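Okay, thanks everyone, let's get going. I'll put the structure up and then walk you through how its pieces are arranged.

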Amino acid sequence: MTCCAPMETYRIGSGAGYAGDRIDPAQALAEHGRLHALVFECLAERTIALAQLRRSCEPRHGYDPLLEERMRAVLPACVRQGTTVISNMGAANPQAAGAAVLTVARELGLPRLRVAVVTGDDVLAWVCNNNVPLMDSSERASDLGDRLVSANAYLGADALLPALANGADVVITGRVADPALFLAPLMFHFGWRADDWPQLGQGVLVGHLLECAAQVSGGYIADPGFLDVPGLADIGFPLAEVQADGTAVITKLEGTGGRVDRLTCTAQLLYEIEDPARYLQPDVVADFSRVQLQEVGPDRVQARGASGTQRPTHLKATLGYRDGFIGEGQISYAGPGAVARGQLALQLLEHRLQRLGRAGFEHRAELIGVNAMHGAHLGKERGSDREPYEVRVRLAARCSTRAQAERLGQEVEALYLNGPAAGGGVTQSVREVIAAASALVPREAARSAVQILDL
Amino acid sequence: MKLQNIAIARSGDKGNRATLSVIARDPAHYPLLERLLTVDAVQAHYRGIVQGSVHRFLLPHLGAVHFVMDDALGGGVTRSLALDAHGKTLSAAILDLAIDDPAAA
């Protein structure tokens with residue numbers, strides 16, 4: 001925030017669209033993007049619950065495993081240029097993540113660094129004490145019993161503002177609404193009021209366009225022969241040049257792969273949005289229904305026209321809970337008659353499930369290459385008349401114990417000696433299911449706080 | 001000719017709901033999308049997958065038709081038994097719909 005006069009164009013980049021995202025495009029943005037802020041969005045729905053399980057085994061863990069690697073890649077350039085780094089990589093343990101950032105800074109020999117840790121999203125105790133009803137369900141929190149492992153409210157941009165006001169170079173959070181990670185520095189820089197709903201709606205638009213990183217700059221859209229995207233191996237992560245009124249140009253670094261155009265921006269604008277006129281955020285109910293996207297240059301799209309109305313009274317929280325195990329096994333068949341042998345294998349597996357007294361199990365038995373993605377209807381009616389040369393049998397079932405789930409994979413493996421001819425390449429897996437449920441919590445259940453750590 | 005020739009599609013997940021956006025490559029083809037992609041047509045196309053209702057949102061100024069499909073992800077991303085638990089591949093299925101060549105009209 002120190003490098004610029006208040007009203008000039010604010011340059012904000014996206015350094016990750018999910019926890020495992022590429023790191024080199026973020027480093028390129030840090031070094032060449034002339035950014036005021038670089039944001040890493042790394043928390044999917046159940047990431048915190050999984051991180052909480054890691055933290056329960058090891059109290060210093062529970063934050064993003066790639067945090068240190070990302071910081072080593074971008075901190076030198078960000079500190080040199082005064083770029084604020086903002087991320088929800090704190091996951092289930094923002095304090096430990098903040099300390100880890102300082103450790104990296106020391107190892108890098110940085111002259112100074114101020115890290116702000118934002119907490120308050122953890123509402124597990126409140127959820128248990130108040131036994132909240134679960135959304136899209138007739139159950140309440142107490143019905144999850146000791147299977148409940150985490151409950152985190154989606155904090156808004158307001159939780160990050162004190163960190164920015166304190167001059168933080170790095171802001172580390174747990175659960176924050178993804179667009180709010182971008183909205184916060186825009187509010188702070190331009191002095192947008194917390195009740196200027198149309199203005200906040202436009203800020204959420206910028207955040208939403210950037211939050212999935214390369215999904216707006218040419219990732220996840222290529223369809224050879226129909227829509228070609230150059231340089232996907234070196235795709236450039238996006239940045240926005242934002243004006244004081246929130247009007248923004250979405251673009252990427254020159255010379256990087258990918259593309260930014262009306263199609264890439266429209267696809268991201270609508271991505272995982274329900275009613276475009278009512279995109280519920282902790283800071284505002286954003287209205288994207290009249291957004292205008294205009295190509296204003298090569299790989300440059302101007303986004304404007306978002307609005308908003310008063311923020312919701314409650315915050316959404318995600319509850320992570322243990323939900324049994326999924327056992328899975330796969331085996332391949334190839335050559336003439338591959339489909340018939342695969343189908344025979346599926347029949348055998350169904351019989352074996354009955355024999356084992358597990359016919360009532362919720363399970364899927366399918367042929368990858370025929371019907372595993374979209375079921376019998378689309379797979380059959382829309383599939384090619386020619387038989388696939390190879391198919392892969394897949395059996396997956398929900399089990400209450402790990403041992404039962406292991407048995408599933410073993411039944412598939414046993415097709416080697418007991419099933420159709422020429423099956424090969426068995427894989428089997430068991431995973432504990434950490435499911436996610438949602439609940440609404442009052443704002444006072446999630447009181448945010450900021451802790452400053454200085455190098 | 002298939003819808004793939006004139007549109008792109010992307011799907012996403014919200015709990016047990018799938019979102020689906022279909023966007024005309026050439027904004028001039030938007031009216032065709034609006035005519036073709038009725039709630040009933042989309043519901044029928046995804047029968048066996050989408051167990052709930054389908055809601056449609058029209059965005060003519062963006063050349064896009066957007067859908068929210070209830071009960072479409074086998075109980076939700078986090079507990080689904082499906083290989084593609086997120087329903088990410090659902091978007092491609094809609095591009096298989098047959099259309100009249102708009103250039104011939």
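So, the C-alpha centres of domain 1 and domain 2 of chain A are 40 Å apart. For the bounds, domain 1 of chain A is 10-318 plus 439-454, while domain 2 of chain A covers 336-421. Keep in mind that this is a predicted model.

Now have a look at strand 14 of chain A, residues 314-334. What does strand 14 of chain A pair with? One partner is strand 5 of chain A, residues 148-153, which runs antiparallel to strand 14 of chain A with five bridges between them. If you want a spot to click on, Ala153(A) sits opposite Ala317(A) of strand 14. Another partner is strand 17 of chain A, residues 424-442, again antiparallel, and here there are 16 bridges. In that pairing, His314(A) has Pro442(A) of strand 17 as its bridge partner. And then there's strand 16 of chain A, residues 390-399, joined to strand 14 of chain A by 10 bridges, also antiparallel. There, Ile331(A) is matched with Val393(A) of strand 16.

Okay, helices next. Let me start with helix 1 of chain A, residues 24-32, and helix 3 of chain A, residues 67-81. They pack at about 10°, and their axes are 8 Å apart. Angles under 35 degrees count as roughly parallel, so helix 1 and helix 3 of chain A are roughly parallel to each other. Who's touching whom? From helix 1 of chain A you've got Ala26(A), Gln27(A), Ala30(A) and Glu31(A), and they meet Arg70(A), Ala73(A), Val74(A), Ala77(A) and Cys78(A) of helix 3 of chain A. Sorted by class, the residues of that contact are six nonpolar, one polar and two charged.

Now for another pair, helix 8 of chain A, residues 178-190, and helix 9 of chain A, residues 197-210. The axes here are 8 Å apart, and the packing angle is about 125°. So are helix 8 and helix 9 of chain A roughly parallel or oblique? They're oblique to each other, because about 125° is in none of the ranges for roughly parallel, roughly perpendicular (65 to 115) or roughly antiparallel (over 145). As for handedness, helix 8 of chain A passes helix 9 of chain A in a right-handed crossing. On the helix 8 side of chain A, the contact is made by Asp178(A), Pro179(A), Ala180(A), Leu181(A), Phe182(A), Leu183(A), Leu186(A) and Met187(A). On the helix 9 side of chain A, it's Leu200(A), Gly203(A), Val204(A), Val206(A), Gly207(A), His208(A) and Leu210(A). By class, the contact between helix 8 and helix 9 of chain A comes to 11 nonpolar, three polar and one charged.

Stay with helix 9 of chain A for a second, since there's a sheet to go with it. Helix 9 lies across strand 9, strand 10 and strand 13 of chain A, and it runs at about 125° to strand 13 of chain A. Those three strands make an open antiparallel sheet in chain A, in the order 9-10-13. The edges are strand 9 (279-280) and strand 13 (307-309) of chain A, each pairing on one side only. Strand 9 of chain A pairs with strand 10 of chain A, residues 285-287, over two bridges, and Leu280(A) stands opposite Val285(A) there.

Right, over to chain B. We have four strands in an open sheet here, order 1-2-4-3 in chain B, with antiparallel pairing. At the edges are strand 1 (7-14) and strand 3 (54-59) of chain B, and the twist averages 15° from one strand to the next. Strand 3 of chain B is linked to strand 4 of chain B, residues 64-69, by six bridges, and one residue pair in there is Leu58(B) with Val65(B).

So how do the two chains meet? The contact takes 32 residues from chain B and 40 residues from chain A. Strands 1, 2, 3 and 4 of chain B each supply at least two residues to the side touching chain A, and strand 1 of chain B gives the most, with five. By class, that side of chain B has 13 nonpolar, 11 polar and eight charged residues. One more thing to look at: helix 10 of chain A, residues 262-270, lies across strand 1, strand 2 and strand 4 of chain B, and runs at about 155° to strand 2 of chain B.

That's my tour, happy to take questions.

How values were computed: Residues are numbered from 1 along each chain as its sequence is written. Chains are lettered from A and ligands numbered from 1 in the order in which they are written. This is a predicted model: local features need pLDDT of at least 70, side-chain atom pairs count only at pLDDT 80 or more; totals for chains, interfaces and linings use all residues. Axes are lines fitted to C-alpha atoms, for helices over the stretch in contact, and angles run from 0 to 180 degrees between N-to-C directions. A crossing is left-handed if the near helix is turned anticlockwise from the far one by less than a right angle, and right-handed if clockwise. Two residues are in contact if their C-beta atoms, placed from the backbone, lie within 7 Å. Ala, Val, Leu, Ile, Met, Phe, Trp, Tyr, Cys and Pro count as nonpolar, Asp, Glu, Lys and Arg as charged, and the others, Gly among them, as polar. Two strands pair if DSSP finds at least two bridges between them. Domain bounds come from an automatic or database domain assignment.
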